[in-house]
Structures are given as structure tokens and as C-alpha cells.
Amino acid sequence: MDDKEELNSDNQLIIQSDVLPDVIPIIPLIQRPIFPGMMIPIVLSGVDMINSASRIVESDNKIGGVVLIESQQDNKMVGSQDLYKVGVAIKILRVTPIDDHTLQIMINALNRFTLLEVMRDKPVIEWRVEHYDDNSFEYNTQMKAYSMAIISSVKDLIKSNSLFQEELKLFLNRFTLENPGKLADFVASMTTADSHELQEVLETFDIRKRVEKVIYLLNKEIELSKLQAKISKQIEQKITKQQKDFFLREQLKEIKKQLGLEKDEKTSEIEKIQERVDKLKLSEEAAKRIDEEMNKIRLLEPNSAEYSVSRNYLDWLTSLPWGIFSEDNYDLKKAKAILDHDHYGLDDIKDRILEFISTGKMKGNISGSIICFIGPPGVGKTSIGKSVAEALNRKFFRFSLGGMRDEAEIKGHRRTYIGAMPGKIIQSLKTVGVANPVIMLDEIDKVGISYQGDPASALLEVLDPEQNIQFLDHYIDVRFDLSNILFIATANQIDTIPKPLLDRMEVMKLSGYILEEKLQITKKYLIPKQIEKHGLKKSMMKIQTGAIKKIIDGYARESGVRSVENNIRQIMRKATRKFVEGEKKPISITSKNLEDYLGKPRFTDESLYDKRISGVVMGLAWTSLGGATLYIESSAVPSKTKGFKQTGQLGDVMRESAEIAYTYISSKIKDYGIDDDFFNCNFIHLHVPAGATPKDGPSAGVTMATALYSLAKKKPIKRNIAMTGELTITGKVLPIGGVKEKTIAAKKAKVRRLIFPFENKKDFIELPDYIKKDLDAHFVNYFDEILELVF
């Protein structure tokens, strides 16, 4: 029976075109078009498709159409405008529900149709169509040749892709040469061509043109199959070679093993670990743990995950310096020579370190010692730690605590975590290879706190001589004695170090350098270092003493020497460029040509005022960067009511000092001969430049009171005076901190007359003579004594 014919209920033959309706529901297809003559299952999902299928099934003839979607917008219902205009009429043979939103239907594809009119798009798409029958063509020799060309191409395709063999058998059983249209449709459906290429074939009603397009698609498929076969062959050859090499290596390994020439990986690892163990003086706990892990590793397969975990753990355990110590050097002369060679000045720090070494010599060891160097950046805290290690003949390891937020960085991770590692302390011991190194904990004042823990609290165990004898790292999980380590911590300021941590350390303060010290450091250390770093020779470059002093005073007034070094580096860079560009003569830097290399000075004279002004007084302050000078300015604005305000980004403590100074002077107007109406009829404004810099602390109390007294009496103070001290509401002057830093700041500002609280006299006396030289210091108990000195 021909495909275009069907039997009715009375078993009478009916022409297909007579039973195919003109108006049919349409099911949109997403991936590929369907060709006439095919009987295949289709899976439908989505409300629109299921509604269309249901409408077809409910009809008497169960006939509808399938059309490929040409373009679909995301999250938009498909309409007729989104579909191609040519599709295939189908008859649904069977419906199988998969779930609530998915159906599988078995269809028989009948023939092509073209759109005549869109009847509706909702709730289902319905088209009026014109059906097309492939049998209305003339079969001749040319068409037979086309059919044979298709079959020949299919056979070539089978040679390169055996997956088409079953489809070819089906193809030869169903089709003959006399029906080239259906032959072309079937072969097109076999290819892996793109959906738009297949739609072009579907829309080609002319049999000859359709066959030509299908032959073109077949040739593309053949080329693709050949390329795929070539790639597969190359991969297969590569895999075969790798397998062959693997088997040969395994055979060679087994032969060597049988002859005793080589051991397997696990045996080698165990022997290597055992060799390390034999050289160590293990604690009883460590020896027991290593034995347990060794027994475990002997039973595990090398390829297992647990084997790797145990091997890594044993590697860490046996890499630690159990019982291995370097011999300490207690020779004070040698230690002093090393400290003097590496650092200029810092005599008080050097004396403390030599005293520290002397104590160690008397005890026989330097155990349980934690030193903390506190000072501004660039004063040599880290480098002096290295010198201490060299003086003691100990290994040195440094790591920074700045920004550390996880206590596991100190005490390690537990081995249950992937990628677990010991903490920094255990890592440093493995690196240095001895149990008594010098470990520097840099930036201990900048340790952070987070939800992952508090590293500062974890450090308490590390830095406590009573506890660190049995330090327990979470990863190692065996107690290790840290009491032989000399810990040296560094910090810029003492306030941010947790008190329990500070109690465990011996604090040594590095206050910074004055001009004379910076001059010697620059000459002896910085210039030779930078000449060498820039590939120059001493004969090629000379910086005169006058130029160095100008660098220190005009470009680098910080307490440390880091800024000085940066300026020296800038000079060297410009000099090297001159030499590269052809300069032959040695370059000499003087105070006159210095600006050609560094530009205009950053700092000028500390004095902001060319003449004496009432209400303005210079004070001395301490910051984390060292000492500094600052001015207190006051002004009176006539007003009907009294008032007082402060500006200059003052902290709470400094605001309270200002309030105390205002109250004290206000309460003493009769004693000081101040006009009775001065405070009642004026609004007093007190300002501390620079306004962008935050300031705090009680030590400006006497300076503020002096400024208010000067303003009220309209009398400026004497020139070249600076003061510091905390003032009480009764006029008592209390002691302050940072005497050395403030004295150095005054000296940098060329201030010669200083006023300190009386109780700070002992701090000033202890300062080195070269700092006190040319300074006239006065010490006061009460504010009235200051007035006698400054007016």
C-alpha cells in the first residue's frame, strides 16, 4: 500500500489529501525539523506544546503539524511569527505521559505543508495550510543517477563511521531508487547538519534541488567523519604509547626490585624517615607518636589518601629540630663589635642587649627571654634583631604579624582539614633547623581579631616562659619546647599591644635619631649601600656633608632613616641616568645643586610665625612616628555671651585638657591681673594646626593654658620656647611620656629652651649628652612657674 493511501472503517482505499484537514494544530519543534516518512517518538515539555498535542489527540483524525522554531525570545511564549513557514503534517499514534509536565508521543510524519493563514496563536497555534505531495514528479535517468549518488555517498560515510550501518540497512529495506525525494529526506535526517541547513532541505520542494542539497550535506558529513577518525587514531596511538611505557617501567621496576637494585616507593620513604629519626633526640611523646604513624604507614597502600596524610605528618614531625641546638656566643667584645658595625648610635639599646647577653652567660643559657623593640618606623628595630642573632651566633627567622587574623597562623590547623599546615612557629623551626633560633615577631602591635580567632591570645602561650616549654601546635599535636628560643618583637606604639601580651615582654624603646646620628648613618651605611645597589663605584659619586644635612633637615625629618634612604636612592637613579647618557666626570652633590636631584624641600623652618603673637605657644607632642612640635593658637571674638570651642581634630583627652586650661585661667583672672570682662564678653576659640591631622593626649595642657594666658594679657611669650606637661584644674603640672622623642623633635626644630614637668627631670638627665647638648631645660611643679619663665 502506498504511503499516501489509508483504509477507512469500511476498508475502502482513500487518497491521503482527501483526509488531511486544511486547518491543523501546530507543535513547535526546538532542535531539528522532522522529515516526511519518519516514524519517531518526540518528548514534549511545556504547557503550549502539551496543549497542542492534546488538541491533536482529541481530534477525530489525530492529525496535526510540527514546525521548527526560527527564533525564540527568552521567557516568551512561542507564536506563529517565531516559526518557519514550512512544516510537516503528522499523525499521533501513541501518547505516553512521563510526568505532570512532560509527554512522549509516537508520531508518523506524513508530508510537507506551507502556511496559508494563521488562524490563532492562543491557547494553541492553528494554521490553515496547503499540503504538498512528493509523488508529483517525473522519474527519469537523471533522477536515478541522483539516487545512486546518494546511496554511494552513504556507503562512503559508513566506511568512516560504522554507526550508520544499522540505519543503512533500514534505509535499503524501505526505499528504492524510484523515490529520490523520500530517499533524500531520510538521508538528511541521518546527518548531523545544523537545524537551519535541514530546514532548507525541508523547504526545497523541487526534488532535484533537494537531492543536490542532501549530497552536499553528505559530503560535509564524510569530511567530518574522516577528521574525527584521524583525531581518534592520533589519540589512540598516544594512549597506546603511554600504556606501553607504563608497562615497561613497571616491569623494569619489578626486575630491579627482584635483583635488589631498587626499592619500592613506600620502602624508600620509610627508610628515609627512619634515617631522620635516628639523628634526633626525641621526647618520649614524639617517639611514641612517630612509631604509631610508622606502623600505620606500613599497612597503607601508597595510592590511598590516608597514606599521603600520614606521610606528610611524619615528614613534619621528623623535620623538626628535636634536641638540635646551635652553640651560643657569650663573647661581649665580639657582640659589641657586631652591634657597633651594624648600627650607629642607639647606645642605650646596645647596653641593654649586652647586659642581656651577660645575664645569659652567667645563667648558662638565654632561655625564656622575650624582648620587644618599640619605636617609630625606620629606626632599625628589625635590623638590630638580626644583629642580636649574629652576636649570639644563632639562626634568625622573621615573620610579620601585621594584619594576621587567624589563630591557626600561630598554632596551626587540625589535621582533619584539607590542606592543613602547622603554624608559623613550627614552620620557622623546620626552616632554621635548630631549636634555639632568634625569632622576630614583626609588627606585634598590628595583630587583628576576626571570627577565626584572636592571634594575640594564641601568642600568649608562645611568649609565656612558663607555658611554652610544652607548646602544642594543632597540626603536630605533640608538645615542643620553645623555651630555648629568643623571641624579639617589634612595634611602632605600645598602646595597641594587648596588656597580657605586653606583660610577658621586656620593652626596649628606640626613640629615633637626631641630625648628627642621621648624618653618620647616611655616610657610613646608606650611601655606600646605594652606590653598590645602583652599580656605581665610590669614585663616581660623592655627596657632600652639607648636602646630607640639607636632605635630613629639608626632605626627611622623620625619626627613622628610611626616608633619608629613599632620597639617596632618588639621587642615585638620576646619577646613573647621567652616566648612561654619556657623563664621564664624577658627580658631586652639594647643598647648592641638591634641588636639581630632589626638587624643592618638603620641610622649611618649623616656626610658622615671623613675629611674636599673643595667644600662640609652641608645644611638644609624641606620635607613633616619633616626636613632633605643634602650635596652640587662641583667639578672642567679642560676644554678648561667653563661650569656648576647640578645633584641629582633637581627641577626647585633648579636648578635656583644653577645658581644664580654660577653667583654670578663668578661675585665676584676679590673681593674674586679667580684665574681669575678658572671658564674659569674648567667645574664645582655641585651634591646633594642622587641622587634617588627628591629635590626642593630655600633654598639651600647660601649652593651652599658656596660650590662653597670653591671649588674655595680650602679651606674646619669649621666642624659641617649647613646652609639654599635663595640667590639673588646680594648676599642678603632671609628668608625661616620650621625653626623648619630644627633646629630639625640639632639637630638629632648632628650639633651645624647653619646659618639662618636674617629675620628668630624671628622664631628661638619662638622655645621652649629644641630645642634651645646647639645650636649656627647665622643670616645673606648678603652672605659675611657667609664667615666670616665658614672660
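1. Tyr525 is a residue of helix α18, which spans residues 515–533. The model under discussion is a predicted one, and Tyr525 is partly exposed in it, at 23% relative accessibility. Leaving aside residues up to four places away in sequence, Tyr525 touches Asp340, His341, Asp342, His343 and Tyr344. The separation from His341 is 184 residues in sequence, while the two C-alpha atoms lie 9.7 Å apart in space.

2. On overall composition, the secondary structure of the protein comprises 28 helices and 26 strands. Of its 791 residues, 46% are buried. The exposed area is about 41,100 Å², and carbon and sulfur atoms supply 50% of that area. When contacts between residues at least 6 apart in sequence are considered, 74% of them join residues at least 24 apart. The contacts of Tyr525 with the segment from Asp340 to Tyr344 may be read alongside this figure.

3. Strand β14, residues 486–491, deserves attention. Six of its six residues are buried, and the strand is described as mostly covered. In a regular strand, side chains alternate between the two faces of the sheet. In β14 both faces are covered: Leu486, Ile488 and Thr490 are buried on one side, and Phe487, Ala489 and Ala491 are buried on the other.

4. Which strands pair with β14 in the parallel sense? One is β9, residues 369–374, which is joined to β14 over six bridges. In this pairing Ser369 has Leu486 as its bridge partner. Strand β11, residues 438–442, also runs parallel to β14, with four bridges between them. Here Met440 is matched with Ile488 of β14.

5. The loop that follows β11 and leads to α16 (455–463) contains Val447. Val447 touches Leu401, Met404, Pro455 and Ala456, when residues up to four places away in sequence are not counted. Leu401 is 46 residues from Val447 along the chain, and their C-alpha atoms are separated by 5.7 Å.

6. Is helix α5 enclosed or open to the surroundings? The helix covers residues 180–190, and it is largely enclosed by the rest of the structure because 11 of its 11 residues are buried. The buried set includes charged residue types by name, Lys182 and Asp185, as well as Leu183, Phe186, Val187 and Met190.

7. The structure holds 29 salt bridges. One of them joins Glu197 and Lys220, whose closest N and O atoms are 2.8 Å apart. Glu197 belongs to helix α6 (residues 195–202) and Lys220 to helix α7, so this pair ties together parts that are 23 residues apart in sequence. Glu197 is buried, at 15% relative accessible area, whereas Lys220 is partly exposed, at 39%.

8. Two further salt bridges lie within single helices. Glu565 is bridged to Arg569, with the closest N and O atoms 3.8 Å apart. These residues are four apart in helix α20 (residues 562–580), which means that about one helical turn separates them. Glu565 counts as buried at 12% relative accessibility, and Arg569 as partly exposed at 26%. In the second case, Asp769 forms a salt bridge with Lys772, at 3.7 Å between the closest N and O atoms. Asp769 and Lys772 are three residues apart in helix α27 (residues 769–772), again separated by about one helical turn. Asp769 is exposed, with a relative accessible area of 61%. An α-helix has 3.6 residues a turn, so residues three or four places apart point the same way.

9. A network of salt bridges links Arg55, Arg120 and Glu126.

10. Helix α7, residues 207–259, also contains Leu227. Leu227 is partly exposed, with 47% relative accessibility. Together with Ile231, Ile235 and Ile239, Leu227 makes a nonpolar surface patch of about 340 Å².

11. How many disulfides does a search of the whole structure find? The search returns zero. Two cysteines may be noted individually: Cys372 is buried, at 0% relative accessibility, and Cys681 is partly exposed, at 37% relative accessible area.

Definitions and conventions:
Residues are numbered from 1 along each chain as its sequence is written. This is a predicted model: local features need pLDDT of at least 70, side-chain atom pairs count only at pLDDT 80 or more; totals for chains, interfaces and linings use all residues. Side-chain values use heavy atoms; hydrogens and water are left out. A disulfide is a pair of cysteine sulfur atoms within 2.5 Å. Buried means under 20% relative accessible area, exposed over 50%, partly exposed in between (1.4 Å probe, protein chains only). Patches are made of residues with over 30% relative accessible area and no salt bridge: like charges are joined within 9 Å, nonpolar side chains (Val, Leu, Ile, Met, Phe, Trp, Tyr) within 5 Å. Accessible areas come from the Shrake-Rupley method with a 1.4 Å probe; for residues, only the protein chains shown count as cover. A salt bridge is a side-chain nitrogen of Lys or Arg within 4 Å of a carboxyl oxygen of Asp or Glu. Helices (H or I, at least four residues) and strands (E, at least two) are DSSP runs, numbered from the N terminus. Contact means heavy atoms within 4.5 Å. Two strands pair if DSSP finds at least two bridges between them.
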